[in-house]
Amino acid sequence: MRRSIAGSAAFVVLTGTFLVLPVYAAPAPEPVPVETTAEEVSLGSVEQPAPEAEVQEGTTEPVAGVPDTAPALTVSRTGTDEFSLVGVTWAADPAVADVRVQVRVQDAGGAWGEWTEVGPEDADQNPDADSRAELRGGTAPLWTGPSTGVEAEVVTRSGAAPTDVQLDLIDPGESAADDALGTPDIQDTADAALAMPDVYSRAQWGADPALMTWGAEYAPTIKAATLHHTAGANDYTADQVPAILRGIYTYHAQTRGWGDIGYNVLVDKFGRLWEGRAGGLASTVIGAHAGGFNTGTFGVSMLGTYDALTPPPATVDSVAAIIAWKFSLFGVDPNGTTVLTSGGGGTAKYAAGTRVTLPTIFGHRDVGNTTCPGNAGYARLGEIRGKVAAALTSAVPLVQKRYDSDAAVRSQLGAVTTAPTRTPDGTGAYAHYAGGSIYATAATGAHVVRGAIRDKWASLGWERGGLGYPTSDTGCGLAGGGCFQHFTGGSIYWSPATGAHTVGGAIRDRWAGLNWEYSALGYPTSDWTTTPDGAAQYVHFQTGSIYWSAATGARVLSGAVYDKWASTGWETSPLGLPTSDVTATPDGRGRYAHFQRGSVYWSAATGGHTVGGAIRERWAATGWEGGALGYPTSDWTTTPNGQAQYVHFQGGSVYWSPASGARWLTGRVYEAWAAGGWESGPLGLPTTDTATTPDGRAQYAHFQQGSVYSAPDLGTHVLPADVVAVWSRTGWERGPLGYPTSAAAAATGAATTGTATPAGMRVQTFQGGVVYTSPSTGAHAVSGTFRTALTTAGGPVVLGYPTTDVLTTPDGTGQYQHFTGGSVYSSAATGTHVLRGAVLELWARTGWETGVLRYPTTDVTTTPDGQGRYAHFQGGSVYWTRATGAHLLRGAVYDVWARTGWETGVLGYPTTDVTATPDSRGAYAYFQGGAVYSSTLGGSRVLRGAVLDAWARTGWEQGTLGWPTSDTVAVSGGGTRTDFEHGSITVSASGVATVTPR
């Protein structure tokens, strides 16, 4: 049934209107006692379940230590009035101590939540307390949030099973004040040495006095504090806390029969303190939080479950603050021990009458059969003791003692305006006087703070600011009439010229190492400040600054180097933070500072410039400013095309890109590259440094698309990449080409003979030759005897341009090079000769130098009559005319033709090659004026005219006459006679040929 809990149900609703002028805000709702309700659902027992309950085998979700077959007392209710807190209670019985309950609830939308396991309540009433109500055993209260359905399963792990089991559904009611609590009501309720932390009162969380059935009881004194957790949910919101407290209050006071909430104080996860049991926080009222050990102990409970979850720092701090205040009232040592006598009963670990020595701050588990305040909560006890001890240390007497014992201080400070008082943090004390203040802690002692330094410290929040408490008096008489004071977290320095500024940490240490304000830096002109990116701290001084970070240390910057860094964006610049001080260069002509990603170098001649990344590393490798490059004359800059970075120096430049690396360029090589358009020119970026050639004669550098070579006697020349490739194949400057003597230039002049100039042909001259390049022919060098041969032949206008490099012939005894209009062949035995045209083509068809002709022994030459061309070879000759074509002559046939006077003899030019006869017994060749036949049978014979015609009619050498065996000779009567193997042919004077066989 549902039982109404008597009490006021009045809610005050205040409204207001917001106007522009005057400003008016509606007053916050006033807290009032809130009516709560509870519904009791009877389950009976496993032996005798109530009508609404059932007994099932095992629990829906496994429970540690409970067999799957154990009987579980269950109940399911839906469509209930709304509730937000659940508990299960049973008839009080010391034997019932190991009950486990599983609960799940249904929200208003009908969705069921997860099963949650709940154990017995950790807190407990003293067995002899008179609450004028029935005491019942029970679980811890479980905050569920608004729900309209519930299922519960009750099992016993060991010991007696509970009887008269009851499921309690509690609605904590609502109050408009829950989310508008305002300022805590309870402040400074006792005259303690330690200020009381603010506490929200019972009235503020809506405690209804009508629920109480127990009159407060008091112990003689407070000896200890007991730490608890409520074992409820941790996911509550701030505005739910008052309702949670009302639910626990109803459950403790009414359902469990304790007559009031059990804990003296509760602390939520937000660090807010809440008044628990009635009777006065400053009193010795006895709570219901640690059965058998409630008397003389102050029960503080953290709202939530802290078995695995660590209590938030705000919660721990508030627990320590309220215990420290309570101990200050009763003189309890937080690091001491006390003897308590067990009252027994309930969850007490010790039998009644047992005297137990305990720490003055202990966990509930130390005296009860419980895990409270959870493993994670219990682990914070040492920290809490330390915080309480620190809070209880009083510095008030130190302030007065300093003032009373030091006449100079009294004279300096004058009359007191604020008596010695504890500081808000409870750690120290202070007093204000007409001429200043005294601040003290046990750790730092008492120190005078006055003048502009006190004003500065005050503006920073006094001891609550970053500087903390003073560790020295305000001291004056420094350089320039300055003053200073040290604090636990730094210092303040003041001078008439700079005003008062803070300086601390590693920056103060570094400044101190330089001799404070007497150093070159002078006084600080800014406060000790964190950079906007949070990565570092800095202080500006009269002549410079100190920057510090954990990664870089404290570094001193000044002068032009510092100004340059500042102009790049300070610590957010590409350079990052300083890693060195501003330092003089070894040559004494400049100054520099290194930074995380670069450096700044300055000299009077060059000014201040940045240099970083791989460029700085390359410059360093050359010897920094003492090397060939000297000081930088430009900043570390990205090229206009965005593909590289560079820095110019007095003696050159360093260029870097991911593709080419960091390279330094100097001298005429650098000037030539710059004149060509720098990295945007045809050469692209450098791929090597400026270097000296092995023979020491020249300087050079290679680039992405070529090279630059400079020799004093030959000039500076740019070599395109294809020229460089050819030159490198020949052995660079140590090869036959030597050094370049010109830039690459377009070939001029059309060939009057030979082949035309290929499109795009470029020519670059070297000491020992020429490199020709074009898209159609490629890049090839002509040097040595090949160059001489080309020149002798009439140059490219005759022979054309090279289409190959100089190559070795397949037989390994010669070399050759092809051109667009011919070829040049060379061997040690025959010399170097130019072949072209039809002569070259025929020689090629015969197998080049590996054919019957072998190597040429002459160039292709014009015949004396001007009608043809020829070339002699080791194995014969080739003769050509436009009318006859090109023909190969060799052997005896060639010798006979030569004896007749070559092409100017009776035979004229050959019209066939020397050819083997079909019977393979000889060879022949035809000429314009006849033929030459040669065999071992008849020798080599010239046949022409009617003799040749008549012999042809007989079938040549395969006919009736066979081979000729004599030359044609004159006979009497004016005719001629030619003998053959098998006869003769005579030709009369009139030209008639007669064949006479034998």
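**Entry 1: ground rules**

Helices (H or I, at least four residues) and strands (E, at least two) are DSSP runs, numbered from the N terminus. I am working with a predicted model, where local features need pLDDT of at least 70, side-chain atom pairs count only at pLDDT 80 or more, and totals for chains, interfaces and linings use all residues. Residues are numbered from 1 along each chain as its sequence is written, and side-chain values use heavy atoms, with hydrogens and water left out.

**Entry 2: helix α1**

I began with α1, which covers residues 241-255 and has 15 residues. From its first C-alpha to its last, α1 reaches 20 Å, close to the 21 Å expected at 1.5 Å a residue (the expected span is 1.5 Å times one less than the number of residues). Is α1 mostly covered or mostly open? I found it mostly covered, with 14 of its 15 residues buried; buried means under 20% relative accessible area, exposed over 50%, and partly exposed in between, for a 1.4 Å probe and protein chains only. After α1 comes Gly257, and its phi is positive, near 80°.

**Entry 3: cavities**

Next I looked for enclosed space. On a 1 Å grid over the protein atoms alone, a cavity is a set of points where a 1.4 Å probe fits but cannot get out, while a pocket is an open set with protein on both sides within 12 Å along at least five of seven lines; lining residues have an atom within 4 Å of a point. Grid points are joined across faces, edges and corners, and a volume is the space filled by probe spheres set on the points.

How many cavities of 30 Å³ or more are there? I noted three. The largest has a volume of about 70 Å³. Its lining includes Pro141, Trp143, Tyr236, Ile244 and Ile248. By class, that lining has seven nonpolar, three polar and no charged residues (Ala, Val, Leu, Ile, Met, Phe, Trp, Tyr, Cys and Pro count as nonpolar, Asp, Glu, Lys and Arg as charged, and the others, Gly among them, as polar).

The second largest cavity holds about 50 Å³ of space. Among its lining residues I picked out Ile222, Arg277, Ser283, Phe298 and Lys326. Here the classes come to four nonpolar, five polar and two charged residues.

**Entry 4: two serines in loops**

Ser283 caught my eye in that second lining, so I looked it up next; it counts as buried, at 17% relative accessibility. Ser283 sits in the loop between β12 (273-275) and β13 (297-302). Which residues does Ser283 contact, leaving aside neighbours within four places in sequence? I found Tyr218, Ile222, Lys326 and Phe330, where contact means heavy atoms within 4.5 Å. The C-alpha atoms of Ser283 and Phe298 are separated by 9.8 Å, with the two residues 15 apart along the chain.

I then turned to Ser201, in the loop between β9 (165-171) and β10 (224-229). Ser201 is buried, with a relative accessible area of 8%. Not counting residues up to four places away in sequence, Ser201 touches Asp185, Ile186 and Glu275.

**Entry 5: the largest pocket**

The largest pocket has a volume of about 1,100 Å³. I found 43 residues lining it, and Pro120, Glu121, Asp122, Gly138 and Thr347 lie nearest its centre. Strands β6 (116-118) and β7 (136-138) each supply at least two residues of this lining. By class, the lining has 16 nonpolar, 16 polar and eleven charged residues.

**Entry 6: an open sheet**

Further along the chain I met an open sheet of four strands, in the order β53-β54-β55-β56, with antiparallel pairing. Which strands stand at its edges? They are β53 (915-916) and β56 (939-943), each with a single partner strand, so one side of each is left without a neighbour in the sheet. Strands β54 (residues 922-927) and β55 (residues 930-935) pair in the antiparallel sense over six bridges; two strands count as paired if DSSP finds at least two bridges between them. Phe927 has Gly930 of β55 as its bridge partner.

**Entry 7: two hairpins around β59**

My last stop was β59 (residues 983-987), a mostly covered strand with four of its five residues buried. β59 pairs with β58 (residues 976-980) in the antiparallel sense over five bridges, and Phe980 stands opposite Gly983. These two strands form a hairpin with two residues between them.

Five bridges also join β59 to β60 (residues 993-997), again antiparallel. In this pair, Thr986 stands opposite Thr994. The β59 and β60 hairpin has five residues between its strands, and Gly991 in the turn has a positive phi of about 95°.
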